Amino acid sequence: MADNGKRKSDHLQGRLAAKKAKKQWQVPKKNLSVPTINPGDAGIWATCDMHKEGLCTVELKNFFNQYADLIYGDAITHGTTVQEQNLDVGDDIEAEINKEVQGMQSSKQEALFVPVKIDVQCVLFFKTREPVEPVSFVQRICETASDDKATKRTRFVKRLTPMTRMGKATEKGLEEIAKAVLGPVFHGGGTSALKFAIRPTIRNHHTMKRDDIIKQVAEKVGKPHTVDLKHYDRLILVDVYRNILGMSVVGGDFEKLKRYNLAEIYEPMPPKSES
């Protein structure tokens with residue numbers, strides 16, 4: 001009886017040791033290349049409801065692809081299909097980005113919209129590639145929503161902010177981005193005098209100051225254009241996040257389109273009562 005007990009004990013220990021050894025010798029997973037925002041990128045900032053970053057990432061991926069099909073048609077191919085994206089997922093933005101990376105690595109096609117994880121609550125960023133032009137793309141989305149407010153196409157998305165070009169958040173980086181983005185709008189052939197305003201947004205950055213950004217951008221616009229904060233023809237959006245800076249120029253209907261806030265377009269806030 002004692003020998004039988006000893007044999008069973010030795011057998012159990014042997015199985016545990018083999019299992020442990022097998023676990024230790026598993027092939028390690030390959031490191032995934034996590035998307036980041038780099039100088040030269042273009043993209044779209046988005047804000048969403050609190051704690052809904054993961055769901056909003058999937059929602060926007062589908063939403064953007066549907067509009068890209070509508071606007072650009074056969075000129076585009078997607079790295080992943082809409083059917084592969086399922087809204088019934090956990091609210092984990094990192095998991096959704098990892099799915100996106102794996103999908104890109106397993107496909108020879110480059111995705112039109114690539115989510116980038118941002119360490120700010122309720123804020124998302126999607127890198128875009130041609131033929132998507134962020135400003136006209138977001139403008140079209142908001143115009144369509146404004147024309148058909150009864151058909152709400154999003155649940156978690158709030159504001160969309162297009163970025164024509166991204167660069168380093170330094171004085172030199174701002175100068176380079178301003179030249180690339182502002183030149184075609186304000187200094188192209190036959191450009192008439194325009195009224196403009198500048199609106200910076202700064203997140204997790206403490207080096208460049210708001211007033212300095214406004215001053216430097218205004219100098220790059222120059223004459224014959226003039227500043228008009230309320231009745232502008234063009235609004236210059238400058239977004240700074242950590243060491244990255246982005247810029248775009250939008251039209252004078254920015255306020256009419258609720259500053260590209262889809263939630264406000266679909267369900268306008270009631271006007272404040274005067275006391």
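How many residues does α2 have, and how far does α2 reach from its first C-alpha to its last? In the predicted model described here, α2 has 20 residues and spans 27 Å between these two atoms, close to the 28 Å expected at 1.5 Å a residue. The helix covers residues 53-72, and just after α2, Gly 73 adopts a positive phi of about 60°. Because 16 of the 20 residues of α2 are buried, the helix is largely enclosed by the rest of the structure.

The overall architecture comprises seven helices and nine strands. The protein has 275 residues, of which 41% count as buried. Among contacts in the protein with a separation of 6 or more, 76% are between residues 24 or more positions apart.

One open sheet contains four strands in the order β2-β3-β1-β4, with antiparallel pairing. Strands β2 and β4 (157-163) occupy the edges and have a single partner strand each, so one side of each is left without a neighbour in the sheet. From one strand to the next, the twist averages 25°. Two helices are associated with this sheet. Helix α2 lies across β1, β2, β3 and β4 and runs at about 35° to β3. Helix α4 (residues 134-147) also packs on the sheet, where α4 touches β1, β2, β3 and β4; the direction of α4 makes about 150° with that of β4.

Within this sheet, strand β3 (residues 123-128) pairs with both β1 and β2. Six bridges connect β3 with strand β1 (residues 42-48) in the antiparallel sense. In this pairing, Trp 45 stands opposite Phe 125, while Ala 42 has Thr 128 as its bridge partner in β3. Strand β2 (residues 113-116) is joined to β3 by four bridges, and these two strands also run antiparallel. Thr 128 of β3 is in addition the bridge partner of Phe 113. The hairpin of β2 and β3 has six residues between the strands, and Cys 122 there takes a positive phi near 70°.

Strand β3 is mostly covered, with six of its six residues buried. In a regular strand, side chains alternate between the two faces of the sheet. In β3, Val 123, Phe 125 and Lys 127 point one way, whereas Leu 124, Phe 126 and Thr 128 point the other way. Residues on both sides are buried. The list includes a lysine: Lys 127 lies in β3 and has a relative accessible area of 18%, which is under the 20% limit, so Lys 127 counts as buried. Its side chain forms a polar contact of 3.3 Å with the side chain of Asp 41. Leaving aside residues up to four places away in sequence, Lys 127 touches Thr 36, Asn 38, Asp 41, Ala 42, Gly 43, Leu 112, Phe 113, Val 114 and Val 116.

In soluble globular proteins, nonpolar side chains tend to be buried together. Here the largest nonpolar core has 48 residues, and those with the most contacts inside it are Trp 45, Leu 60, Phe 64, Ile 118, Phe 137, Leu 160 and Leu 262. Helix α2 gives the most to this core, with eight residues. Apart from this core lies another, of 20 residues, which includes Phe 196, Ile 198, Ile 213 and Met 247.

A further open sheet has five strands in the order β5-β9-β8-β6-β7, and its pairing is mixed. Its edge strands are β5 (165-168) and β7 (226-227), each of which pairs on one side only. Strand β8 (residues 234-241) and strand β9 (residues 244-251) run antiparallel and are joined by eight bridges. Leu 237 has Ser 248 as its bridge partner in β9. Helix α5 (residues 171-186) packs on this sheet and touches β5, β6 (195-203), β8 and β9, with a direction that makes about 15° with that of β9. Helix α6 (residues 210-221) packs on the sheet as well, touching β6, β8 and β9, and its direction makes about 145° with that of β6.

Terms used:
Residues are numbered from 1 along each chain as its sequence is written. This is a predicted model: local features need pLDDT of at least 70, side-chain atom pairs count only at pLDDT 80 or more; totals for chains, interfaces and linings use all residues. Side-chain values use heavy atoms; hydrogens and water are left out. A nonpolar core is a set of buried Ala, Val, Leu, Ile, Met, Phe, Trp, Tyr and Cys residues joined through side-chain atoms within 4.5 Å. Buried means under 20% relative accessible area, exposed over 50%, partly exposed in between (1.4 Å probe, protein chains only). Two strands pair if DSSP finds at least two bridges between them. Contact means heavy atoms within 4.5 Å. Axes are lines fitted to C-alpha atoms, for helices over the stretch in contact, and angles run from 0 to 180 degrees between N-to-C directions. The expected span of a helix is 1.5 Å times one less than its number of residues. A polar contact is a pair of N or O atoms within 3.5 Å; within protein, one must be able to donate a hydrogen and the other to accept it, and residues adjacent in sequence count only if both atoms are side-chain atoms.
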